[in-house]
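Student: I am new to this structure and should be grateful for a close look at a single part, the place where the two chains meet. Please then set that part beside some features found elsewhere.

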2 protein chains.
Amino acid sequence: MKVEILAVGSELLTPYFQDTNSLYLTERLNDLGIEVMFKTIVGDEPEALTGALRGALGRADLLFVMGGLGPTEDDRTRERVADVLGRNLVFDKGILQKIRARFRRRNIPMPAPNIKQAYIIEGAEALENTRGTAPGLWLSAAGKTVVLLPGPPAELKPMFEGSVWPRLSEFRKGDLERRKLKVAGLTESRIESLIWDLYPREPGLTVTTLAYPGQIELHLTAVCRPSQNTGKKKLDLLVRKLRGRLGQNIFSETGEDLEQVIGRLLREHGLTLAVAESCSGGFLSHRITNVPGSSDYFLEGVIVYSNKAKRDLLGVPERTIEMHGAVSAPVARAMATGIRERAQSTYGLSITGIAGPGGGTEQKPVGLVFTALAGERGVRVEKNLFLGTRDQVKFQSSQKSLDMLRRRILNERRRKE
Amino acid sequence: MKVEILAVGSELLTPYFQDTNSLYLTERLNDLGIEVMFKTIVGDEPEALTGALRGALGRADLLFVMGGLGPTEDDRTRERVADVLGRNLVFDKGILQKIRARFRRRNIPMPAPNIKQAYIIEGAEALENTRGTAPGLWLSAAGKTVVLLPGPPAELKPMFEGSVWPRLSEFRKGDLERRKLKVAGLTESRIESLIWDLYPREPGLTVTTLAYPGQIELHLTAVCRPSQNTGKKKLDLLVRKLRGRLGQNIFSETGEDLEQVIGRLLREHGLTLAVAESCSGGFLSHRITNVPGSSDYFLEGVIVYSNKAKRDLLGVPERTIEMHGAVSAPVARAMATGIRERAQSTYGLSITGIAGPGGGTEQKPVGLVFTALAGERGVRVEKNLFLGTRDQVKFQSSQKSLDMLRRRILNERRRKE
């Protein structure tokens with residue numbers, strides 16, 4: 001079965017807007033074992049839109065058309081689809097009543113152009129829009145199925161989940177089982193060398209690697225035919241093998257970010273955290289506090305850009321900075337113990353380094369970052385050399401710190417058990 | 001002239017990868033006064049790729065095909081384009097030498113599959129790839145121009161700038177003049193009500209509004225015919241009128257972010273800054289330190305999630321927190337003066353509020369945020385009610401703080417002049 005997505009809207013042909021709906025649609029179609037063959041993006045211009053519709057209907061068995069269902073003159077999807085299929089637009093009183101009711105609830109008179117949205121293509125079923133005025137349409141023609149959806153993601157998603165998903169069961173090839181393993185502490189090439197022989201060769205089982213500086217994700221999928229669970233079993237077996245090779249480097253199998261993982265660990269064991277940042281400039285604290293409820297375990301953070309702040313806030317001795325420089329293992333160590341003592345937290349994390357693009361020297365190049373973790377059982381300092389932009393150095397610094405904390409908590413728990 | 005972009009690669013039909021090259025290409029084409037009419041995304045499957053190429057060549061005068069130039073079996077763009085145009089692939093000894101030299105420099109023997117990249121379509125000019133092995137191709141056929149570019153953005157961009165841009169001059173419709181006004185402190189609908197009558201109605205002059213919580217951008221463009229500057233003049237006039245309506249709410253006309261603007265102001269006038277954050281959790285410091293060289297004016301930041309930290313680090317009186325709560329104007333005030341005194345900085349900024357999703361009450365709902373600015377001339381506290389997710393509340397809190405600082409510096413400078 002051939003499936004296509006056609007996104008309509010002149011704004012999608014500017015440098016400013018990206019079609020993100022199709023990623024969501026693709027993910028949900030993949031869940032049914034259905035792959036997308038083709039995506040097209042076209043503006044509101046009638047001739048181009050007609051051409052795109054003719055092309056897509058010539059190829060696809062199932063076509064999703066998104067956008068162009070609004071009330072303005074530029075919104076021409078309904079008309080063009082009707083025209084290409086040789087059908088009429090018919091007025092639907094029930095839809096008009098719903099649109100009127102929507103405006104009435106907001107105490108606004110219905111603008112005249114919205115009447116247009118009550119016309120549907122002959123033979124089509126209207127799909128309810130719980131978040132806006134434009135109904136979607138579902139229609140069959142010459143053995144093909146065409147689904148018209150509104151462009152705004154906030155309207156498209158509920159309509160898809162509520163009205164389209166149930167109707168797609170006839171196209172279902174099976175269920176898609178997914179696993180998402182997130183890995184820290186290994187490079188992409190190191191992971192490749194550890195797992196290359198595990199990549200599945202059979203159809204229906206896939207592994208996609210997404211590599212970011214500081215984080216590698218393995219997305220595994222298996223198509224399971226209805227009422228069979230061989231796909232699921234194969235996937236579980238593959239995950240077990242990957243665990244055997246990658247071990248504790250896998251920090252999540254459920255899609256959690258590292259800040260969520262350490263948040264869960266800290267909360268579960270009643271532990272607290274404070275951080276001291278130099279080159280990461282608050283980004284580590286920002287990530288930690290992105291987790292709702294983080295105030296339960298995150299006590300405080302300091303960003304000590306100046307040497308004075310390192311001294312005043314953390315008690316880093318003047319002499320240590322003079323002897324080793326602000327970017328050094330001894331300063332990282334003093335920062336981690338300093339913030340832990342100040343906050344009286346279980347753990348103290350610190351980061352000092354050179355984020356770039358300026359400020360590097362031959363001995364201390366851009367990307368040189370010391371990360372330290374202080375706890376009951378002492379301080380550990382690591383020397384890192386991160387590649388990339390200022391942003392990427394900040395991210396990798398925070399990632400490394402959170403990962404040091406994760407491994408420490410896991411190992412301490414293991415020892416206690 | 002009809003221009004199309006065709007992106008090739010099966011990964012672009014998964015939920016994980018987005019075609020971002022086309023945004024860049026569109027922006028550069030727009031610079032020449034050329035608009036994009038159509039975008040297509042297709043996988044590596046030969047039949048679908050052939051179909052997409054036939055469709056695009058049937059419509060477009062100028063076609064960009066991106067991706068599928070690599071050395072593997074899946075990379076079929078060269079072969080399919082040659083086939084659709086009825087041309088042969090011919091071996092180019094010079095290209096092979098360049099590919100070999102590239103591997104030699106890295107001390108790696110050239111893998112056999114790379115030989116494929118030395119074949120070009122008959123009649124095409126090779127475009128040099130300074131960042132990879134796959135050359136691009138430029139060819140004319142039946143009055144149409146086809147440009148083949150590699151998929152990786154790091155290879156595509158230098159090739160476009162170095163080899164494609166100079167060749168595009170014949171298609172140039174004029175130069176595109178751009179202005180980007182960034183606005184803070186006004187909502188989108190307030191801006192609409194102030195400037196609605198200024199929206200240009202003549203062709204060639206456009207205003208696109210991009211609205212984010214806390215920041216509205218007005219992107220203005222004018223096409224100028226070669227050797228005329230009427231477009232530029234019209235644009236300058238429009239900008240002057242917008243300035244008249246929006247005044248100091250415009251914080252940038254050059255694309256600078258707010259953290260860059262305040263960084264420039266602080267540096268120019270030899271001023272320094274320190275910040276104290278509660279609900280924004282380090283995001284304000286993160287933004288400030290995203291600007292390279294910010295250590296020149298940013299002294300320190302503290303993230304005071306606990307009441308103890310507010311007291312110990314900033315000297316916020318216990319009694320003030322007890323009487324008014326941690327989220328209150330008096331606490332915001334004490335935090336701003338506290339950090340300013342501690343750091344001995346020109347300015348102190350503070351944020352305390354409820355970022356959500358939990359923690360709200362009827363009297364202090366999610367999104368309630370107090371922002372304060374302390375300086376020589378006293379403290380100002382503002383009470384805000386931000387809408388949106390935790391992320392959006394954090395962003396708006398930081399935006400409001402930076403904007404308070406910007407207005408203060410501008411007004412103090414004006415007073416001194």
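Tutor: The model is a predicted one, and every value below is computed from it. Let us begin with the contact as a whole. Chain A brings 63 residues to the contact, and chain B brings 63 residues. The size of an interface is often given as the accessible area lost when the parts come together. For chain A and chain B the buried area is about 4900 Å², and 57% of it lies on carbon and sulfur atoms.

Which strand gives the most to the side of chain A that touches chain B? That element is strand S14 of chain A, residues 298-304, which supplies 7 residues. Sorted by class, the side of chain A that touches chain B comprises 27 nonpolar, 22 polar and 14 charged residues.

Charged residues are thus part of this side of chain A, yet the count of salt bridges between chain A and chain B is 0. A salt bridge here requires a side-chain nitrogen of Lys or Arg within 4 Å of a carboxyl oxygen of Asp or Glu. Polar contacts, by contrast, do occur between the chains: 28 residue pairs are counted, with both residues at pLDDT 80 or more.

Strand S14 of chain A deserves a closer look. S14(A) pairs with strand S14 of chain B, also residues 298-304, in the antiparallel sense over 5 bridges. One residue of this pairing may be followed across the contact: Val304(A) has Glu300(B) in S14(B) as its bridge partner. In a regular strand the side chains alternate between the two faces of the sheet.

An aromatic pair also involves this strand. Over all chains, the structure holds 12 aromatic pairs. One of them is formed by Phe298(A) and Tyr305(B), whose ring centres are 5.6 Å apart and whose planes stand at 70°, an edge-to-face arrangement. This pair crosses between chains: Phe298(A) belongs to strand S14 of chain A, whereas Tyr305(B) is in the loop between S14 and helix H10 (307-314) of chain B.

Strand pairing may also be followed within chain A. Strand S9 (residues 175-183) pairs with strand S11 (residues 215-224) of chain A in the antiparallel sense, over 9 bridges. Here Lys180(A) has His219(A) in S11(A) as its bridge partner. S9(A) also pairs with strand S12 (residues 250-252) of chain A, again in the antiparallel sense, over 2 bridges. In that pairing, Lys182(A) is matched with Ser252(A) in S12(A).

Salt bridges, with a count of 0 between chain A and chain B, number 51 over all chains in the whole structure. Side chains of opposite charge can pair when their charged atoms come close. An example is Asp403(A) with Arg407(A), where the closest N and O atoms are 2.9 Å apart. Both residues lie in helix H13 (residues 390-416) of chain A, 4 residues apart, about one turn of the helix.

Finally, some features of the backbone may be noted. Most residues other than glycine have a negative phi, and most peptide bonds are trans. A cis peptide bond nevertheless joins Gly356(A) to Pro357(A), with omega about 0°, and Pro357(A) is in the loop between strand S15 (347-353) and strand S16 (368-375) of chain A. In chain B, the bond from Gly356(B) to Pro357(B) is cis, with omega near 0°. Ala142(A), although not a glycine, has a positive phi of about 50°; this residue lies in the loop between strand S7 (136-141) and strand S8 (144-149) of chain A.

Technical notes
Residues numbered from 1 in each chain as written. Chains lettered and ligands numbered in written order. Heavy atoms only, no water. Contact = heavy atoms within 4.5 Å. Buried area = accessible area lost by both parts, 1.4 Å probe. Polar contact = N/O pair within 3.5 Å; in protein donor to acceptor, adjacent residues only side chain to side chain. Nonpolar A, V, L, I, M, F, W, Y, C, P; charged D, E, K, R; others polar. Pairing = 2+ DSSP bridges. Phe/Tyr/Trp six-rings, centres within 6.5 Å; stacked < 30°, edge-to-face > 60°.
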